Every structure is written in structure tokens, then in C-alpha cells.
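Hi everyone, thanks for coming. I've got a few minutes, so let's walk through one protein together.

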Amino acid sequence: NAMLVAYAKATGLRRSELSQLRCGDWELGADGKYYILVSRGAKGGRPRRAEVVCDDPESIINFMKAQGGAMDKVFKKSISKAAPIHAWRAEYATAVYLKYARPLDTLPRKEIYYCRKDRKGVKFCKKGMLMASKNLGHSRLSVVGEHYIRLPQNNM
């Protein structure tokens, strides 16, 4: 389903969140950005707002509106276990990071995150990581830095 792929990449939702999503679970923020309101199926039951990040966010919202009333499910069929949800979440995290990250050479040391273990030597802007973390529903920068953000070259 092409729309499922586009939707998952634009919102970063987990499989359970996608399957529980209702047509009315969105809002237009005061900043003019569209957000998905995640409350059902959220890991740990923690509600959040996930920014819609893609070239055409209105198409995502219009797809939701077209699926029925506010309490109707957006995706009527079950979402396949074979769908690479984690990879799509990583693409979303990277897009959010790139949207908010600042060039590392302009930042003081305390605003740069230095990865450890397998990703030792990789650096990220903490502000970009925080935005990606909040949108994905995580509370630690290390989770996003170690598992989600994938840059072709770490020069950001």
C-alpha cells in the first residue's frame, strides 16, 4: 500500500499507533504545521504530537479525512508484520533531524551530541536530536542517535 508507506515515512508512527489511528487524530498547529495526535497504541501509553514531515503534508491530512468520520480508523486492514516500520521510522527521524539541526561547526561543544560504542566518532546537533526524539515518542537522545538517525555523511 503506497499510502501506508508515505504515511509512515511522513509521521514516524509505530505499527500499533498506525493501526489505532483515527481520522480525527490530527491538528493544524499555531505554527502552521500539521501534527498527528498519538494517544491510542502509544508505547507506554504516553500521548504525543508528531509533526507531519514530507513535501506535501496536506496530502497526508486529506487522506485521513477521506477515510471516514473522526472516529473511523485510517487504516481499515491490519498492517503486515513484514512492513519495515522501523526503517520508515528511521527515515522520519532523519528528516526531522535534518529539518531542525544546525551546522556542527557553528555550535559550542555542549550543544553537540557525541555517539558512543558502535557509532563512536559520529556527532549530532542536540536540538535536532531532541526534536526527532520528541516526535518519535522517546525521551533519551541516545536512543535516537544510536538507532534512528542515519546520515549519508556525518557533516551536519
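I'll talk about the sheet, then the empty spaces, and then one serine.

Before we start, keep in mind that what you're looking at is a predicted model.

Okay, the sheet. Three strands make it up, in the order β1-β2-β3, with antiparallel pairing, and the sheet is open. So who's at the edges? That would be β1, residues 26-28, and β3, residues 48-51. Each of them has a single partner strand, so one side of each is left without a neighbour in the sheet. From one strand to the next, the twist averages 35°.

Let's zoom in on β1 and β2. These two run antiparallel, and three bridges join them. If you find tryptophan 26, look across from it: isoleucine 36 in β2 stands opposite. There's also a helix here, α3, covering residues 57-66, which packs on the sheet and touches β1 and β2. Its direction makes about 45° with that of β2.

Now, the empty spaces. Rolling a probe the size of a water molecule over the atoms shows where empty space is left. How many cavities of 30 Å³ or more does the structure hold? One. About 40 Å³ of space lies in the largest cavity. Its lining is made of Leu13, Glu17, Gln20, Leu21, Asp25, Leu37, Val38, Ser39 and Arg40. Which helix and which strand each supply at least two residues of that lining? They are α2, residues 15-20, and β2, residues 34-38. So β2 turns up again, this time as part of a cavity wall. Sorted by class, the cavity lining has four nonpolar residues, two polar ones and three charged ones.

Then there's the largest pocket, with a volume of about 210 Å³. Its lining has 14 residues, and Asn1, Leu4, Phe75, Lys77 and Ser78 are the ones nearest the centre. By class, the pocket lining splits into eight nonpolar, four polar and two charged residues.

Last stop: serine 133, which you'll find in helix α5, residues 126-136. Is serine 133 buried or exposed? Its relative accessible area is 2%, and buried means under 20%, so serine 133 counts as buried. And what is serine 133 in contact with, once we leave aside its neighbours within four places in sequence? The list is His138, Ser139, Arg140, Leu141 and Val144.

That's my tour, so over to you for questions.

Note on methods: Residues numbered from 1 in each chain as written. Predicted model: local features only at pLDDT ≥ 70, side-chain atom pairs only at ≥ 80, totals over all residues. Heavy atoms only, no water. 1 Å grid on protein atoms, 1.4 Å probe; cavity = no way out; pocket = protein on both sides within 12 Å on 5 of 7 lines; lining within 4 Å. Points joined across faces, edges and corners; volume = space filled by probe spheres on them. Helix = DSSP H or I, 4+ residues; strand = E, 2+ residues; numbered from the N terminus. Nonpolar A, V, L, I, M, F, W, Y, C, P; charged D, E, K, R; others polar. Pairing = 2+ DSSP bridges. Axes fitted to C-alpha atoms, helices over the stretch in contact; angles between N-to-C directions. Contact = heavy atoms within 4.5 Å. Buried < 20%, exposed > 50% of the residue type's maximum accessible area, 1.4 Å probe, protein only.
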